[in-house]
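Me: Mind walking me through this one? I'd like the contacts, with cut-offs spelled out.

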Amino acid sequence: MRGSDPDAAVYYLAKMLYAGEDIRFIARRIMICASEDVGNADPMALTVAVSAAQAVERIGMPEAQIILSQAVLYVASAPKSNSAVRAVSEAMESVKSKKTTVPAHLQDAHYGGHETLGHGIGYQYAHDYPNHYVDQQYLPDEIRGSVFYHPGDLGKEKEMKEWLAHIRK
């Protein structure tokens, strides 16, 4: 599936099914690949994979092989991106290595006396602005300007990349 070869992917699916591999294990691997290897290039891949996993649990064999085949072929044929994997890995490294504080304007302001602590003061509600976006600091001061998500140029992720560039101008 990762290599975008649907013929090889369905062959190895058949090989696993013929050998008696647990269909729930196969469905789990399809879901992982849909997120890890396809990601936001085609967000529907995860929806297809999760739906297939649920259907497999309800249907069982022998019909589950058809459901698994559909999901395998979809994920194998989808455009690929591992930017979600890279983004969370980079963010986890940052969390481990740097102590940060949430900016005061983003801190909870749903209680009496929050003003005296400066919590919520100056927060700008994105939906009150054109394109439902407002240029506002969201990252902590200690890592301000960090970029963790680097969208790719395939599928839906290309659109996301263009949208993010547009609103950040």
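**Rings, bridges and a helix**

Reply: Sure, starting with rings: the structure holds one aromatic pair. It's a predicted model, so local features need pLDDT of at least 70, side-chain atom pairs count only at pLDDT 80 or more, and totals for chains, interfaces and linings use all residues. Residues are numbered from 1 along each chain as its sequence is written, and side-chain values use heavy atoms, with hydrogens and water left out.

Me: How are the rings of Y11 and Y12 arranged: stacked, tilted or edge-to-face?

Reply: Rings of Phe, Tyr and Trp (its six-membered ring) pair if their centres lie within 6.5 Å; planes under 30 degrees apart are stacked, over 60 edge-to-face, the rest tilted. Here the centres sit 5.3 Å apart and the planes at 75°, so the Y11 and Y12 pair is edge-to-face.

Me: Which residue forms a salt bridge with E36?

Reply: A salt bridge needs a side-chain nitrogen of Lys or Arg within 4 Å of a carboxyl oxygen of Asp or Glu. For E36 the closest N and O atoms are 3.6 Å apart, and the partner is R2. This pair links distant parts of the chain, 34 residues apart: E36 is in helix α2, and the segment before α1 holds R2.

Me: What distance separates the end C-alpha atoms of helix α4?

Reply: Helices are DSSP runs (H or I, at least four residues; strands are E, at least two), numbered from the N terminus. The expected span is 1.5 Å times one less than the number of residues. With 14 residues, α4 should span 20 Å, which agrees with the end-to-end C-alpha distance of 20 Å.
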